[in-house]
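This report looks at how charged and aromatic side chains are placed in one protein chain. Please keep the sequence and the model at hand while reading.

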Amino acid sequence: MAFPILVFIGMILGCAGVIRQMIRVGVMDVPGHRSSHTRPIPKGGGIGIMAAFVIGFPVLRLSLGLTPLSVPLGLTLGGVVLLAVFSWFDDIYSFPAVHKLSAQAVAALLVLLGADGFHGCALGWVLEGLGFIWLLYVTNALNFIDGLNGLASGTMALSAAMAAFALFYGHDAEHGWTLAALAVCLMTFLPFNFPRAAIFMGDVGSQGAGLMMGWAGLVCAVSLHDFLLMPVLLFGVLYDVAFTLIRRAFAGDSLMQAHRGHLYQIAARTGVPAATVTLTHWGFAAWGAFLDRAVTIPVIIVAAALLPQILWTVFVVRRARRCDIGRW
């Protein structure tokens, strides 16, 4: 195991080095009306995450006696690289939403082709369609939720680590190592962003790693026959986005317009410390992991995952009504 440990150390050092370089480069995220920060902060920390993962992961596989890349994983990483590169240019130039969705769709199709490969056969049109929607939803949800220090990156790091553990336990070490490598890269980024941000992850990280979280859901469903593991790990994120979209649709607001109406944003605007909101979401991920391991009845798992979200929603909405925060 000495060689894999050295590879992990190399990924950590490489990730940290690129992040420090991006801080020096200083592509700044200037605060706007939707921002939670009040001073310009460098962005592009996700380049370190994705570069360390994409370059280091084949080396890790080689150290484990595996081929550097199988065709399915090559297609998956191709989709991730495509989306990460596009997202970095989007961080700089801010493309229209339709262009972003097109890039996400192409990347999701590559990931689905990879999923077919590791499964050994086509998943069928219905499952392909559901998988495609899942990938787009998870990628966008994690992008939308990346508005407070450590929220998206920490939730993804915990979820990737817990899913890796489940895959190792389920005798799928090959895919377990994939998520373990991603978790290490995300955890390396966290000290640069939480609790005080020296740099932001940016779309390059939230969308690139978000697509991998979607891929992890497909892997766990096929390899472990566990369709709920990733949904309950990410339940806080998925719920927040769904609740916000539904609420805005009923209010007649444009779903394509940028806003500050997510539950996590409203909580921060009412005075809940940003670190508290972030730690709450980390707790949601930990609760999801516990439910998936301790409970065997799917309906009970979903109900138990939903309960803290309802309590959180009631808490945030009551604070919003008591505080003068303007339109939300």
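What follows treats the salt bridges, then a buried acidic residue, then the aromatic pairs and one helix.

**Salt bridges**

The model is predicted, and a search of the whole structure finds 6 salt bridges in it. In general, side chains of opposite charge can pair when their charged atoms come close. The table lists three of the bridges by partners and by N to O distance.

| Partners | N to O distance |
|---|---|
| Arg 61 and Glu 174 | 2.9 Å |
| Arg 248 and Asp 253 | 3.8 Å |
| Arg 327 and Asp 253 | 2.4 Å |

The bridge between Arg 61 and Glu 174 links distant parts of the chain, since Arg 61 lies in helix H2 (residues 45-63) and Glu 174 in helix H7 (residues 173-193), 113 residues apart. Arg 61 is buried, with a relative accessible area of 2%, whereas Glu 174 is partly exposed at 29%.

Asp 253 takes part in a salt bridge with Arg 248 and in another with Arg 327. Arg 327 lies in the segment after H13, while Asp 253 sits in the loop between helix H10 (235-250) and helix H11 (263-269), so this pair ties together parts that are 74 residues apart in sequence. Arg 327 counts as exposed, at 64% relative accessibility, and Arg 248 counts as buried, at 7%. Elsewhere, Asp 226, Asp 292 and Arg 293 are joined into one network by salt bridges that share partners.

**A buried acidic residue without a bridge**

Asp 203, which lies in helix H8 (residues 202-223), is buried yet has no salt bridge. Which side chain of opposite charge is nearest to Asp 203, and how far away is it? It is Lys 100, at 4.8 Å, and because a salt bridge requires a nitrogen within 4 Å of a carboxyl oxygen, this pair is not counted as one. Leaving aside residues up to four places away in sequence, Asp 203 touches Ser 87, Asp 90, Asp 91, Asn 143 and Gly 208.

**Aromatic pairs**

The structure holds 12 aromatic pairs. One of them is formed by Phe 86 and Phe 95, a tilted pair with 5.1 Å from centre to centre and 40° between the planes. Phe 95 is partly exposed, with a relative accessible area of 27%, and Phe 86, Phe 89, Tyr 93 and Phe 95 form one aromatic cluster.

Phe 284 and Trp 312 form an edge-to-face pair, with 6.4 Å between the centres and 75° between the planes. Phe 284 belongs to helix H12 (residues 274-294) and Trp 312 to helix H13 (residues 298-322), so the pair ties together parts that are 28 residues apart in sequence. Phe 284 counts as buried at 9% relative accessibility, and Trp 312 is buried with a relative accessible area of 9%.

**Helix H10**

At 1.5 Å a residue, the 16 residues of H10 should span 22 Å, and the end C-alpha atoms of H10 are 22 Å apart, which agrees. The buried residues of H10 include Phe 235, Val 237, Leu 238, Tyr 239, Asp 240 and Val 241, together with Thr 244, Arg 247 and Arg 248. Arg 248 is thus a buried member of this helix that forms a salt bridge with Asp 253. H10 is followed by Gly 252, whose phi is positive, near 80°.

How values were computed
Residues numbered from 1 in each chain as written. Predicted model: local features only at pLDDT ≥ 70, side-chain atom pairs only at ≥ 80, totals over all residues. Heavy atoms only, no water. Helix = DSSP H or I, 4+ residues; strand = E, 2+ residues; numbered from the N terminus. Buried < 20%, exposed > 50% of the residue type's maximum accessible area, 1.4 Å probe, protein only. Lys, Arg positive; Asp, Glu negative; His and termini not counted. Contact = heavy atoms within 4.5 Å. Phe/Tyr/Trp six-rings, centres within 6.5 Å; stacked < 30°, edge-to-face > 60°. Expected span 1.5 Å × (residues − 1).
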